[in-house]
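Hi,

Here is the structure I said I'd pass on. Have a look at it first, and then read my notes underneath.

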Amino acid sequence: MSSHSPCRVVMTGLGIVSPIGIGKHAFWSNLINARSGIGFLQSVPSSRLPSKLGAEIHDFDPVTHIYNRKFIKVMSRDVQLGVAAASMSMEDAGL
C-alpha cells in the first residue's frame, strides 16, 4: 500500500467488555442512559494512590465468554478480558 492511499477497515462484529457493560446490548443501554463506569476502587488497595476512583469491570465471569475453558486458568485477567471481547466480536460477526 502506498503511504498516501487511505486505509479501509470493515467491522464485521462487535465485542465489548467495559466498565459500563459487558456485551454490546448492555453497553449501549448503559451508554444511552448516561450511566458511569467510574466508582471507588474495589479490586486494588487505594489508600496510597492519589485517587480512589477508577473504571473497573465488575461482574465479569470468563467461563461465560471464553469457549475454551481449559486456558482460563493460565490467562491473566487482562488477557481474559481481551479474549472475551474477541470471542463476542467473532460471534457477532457470525464466524
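Let me start with Gly-39, which sits in strand E3, residues 38–40. Bear in mind throughout that this is a predicted model. Leaving out residues up to four places away in sequence, Gly-39 touches Lys-52, Leu-53 and Gly-54. Leu-53 and Gly-54 belong to strand E4 (53–55). Gly-39 counts as partly exposed because its relative accessible area is 26%, between the 20% and 50% cut-offs. From its C-alpha atom to that of Ser-87 the separation is 27 Å, with the two positions 48 residues apart along the chain.

Ser-87 brings me to the pocket, since Ser-87 is one of the residues lining the largest one. That pocket holds about 180 Å³ of space. Its lining is made up of Val-63, Thr-64, His-65, Ile-66, Tyr-67, Arg-69, Val-83, Ala-86, Ser-87, Met-88, Met-90 and Glu-91. Helix H2 (62–65) and helix H3 (77–93) are the elements that each supply two or more of these residues, and H3 gives the most, with six. By type, the lining splits into seven nonpolar, three polar and two charged residues.

Next, the core. In general, nonpolar side chains in soluble globular proteins tend to be buried together. Here the largest nonpolar core has ten residues: Val-17, Ile-57, Phe-60, Ile-66, Ile-72, Met-75, Leu-81, Ala-84, Ala-85 and Met-88. H3 is again the top contributor, with four residues in this core. Ile-66 and Met-88 appear in the core and also in the pocket lining. If you want a residue to click on, try Phe-60: setting aside neighbours within four places in sequence, Phe-60 is in contact with Val-17, Ile-22, His-65, Arg-77, Gln-80, Leu-81 and Ala-84.

Finally, two backbone oddities. Most residues other than glycine have a negative phi. Which residues go the other way here? Ala-34 is one of them, with a positive phi near 55°, and Asp-59 is another, at about 60°. Ala-34 lies in the loop between helix H1 (24–32) and E3, while Asp-59 is in the loop between E4 and H2. Are these two buried or exposed? Ala-34 is exposed, with a relative accessible area of 68%, and Asp-59 is exposed too, at 79%; exposed here means over 50%.

Cheers

How values were computed:
Residues are numbered from 1 along each chain as its sequence is written. This is a predicted model: local features need pLDDT of at least 70, side-chain atom pairs count only at pLDDT 80 or more; totals for chains, interfaces and linings use all residues. Side-chain values use heavy atoms; hydrogens and water are left out. On a 1 Å grid over the protein atoms alone, a cavity is a set of points where a 1.4 Å probe fits but cannot get out, and a pocket is an open set with protein on both sides within 12 Å along at least five of seven lines; lining residues have an atom within 4 Å of a point. Grid points are joined across faces, edges and corners, and a volume is the space filled by probe spheres set on the points. Ala, Val, Leu, Ile, Met, Phe, Trp, Tyr, Cys and Pro count as nonpolar, Asp, Glu, Lys and Arg as charged, and the others, Gly among them, as polar. A nonpolar core is a set of buried Ala, Val, Leu, Ile, Met, Phe, Trp, Tyr and Cys residues joined through side-chain atoms within 4.5 Å. Buried means under 20% relative accessible area, exposed over 50%, partly exposed in between (1.4 Å probe, protein chains only). Contact means heavy atoms within 4.5 Å.
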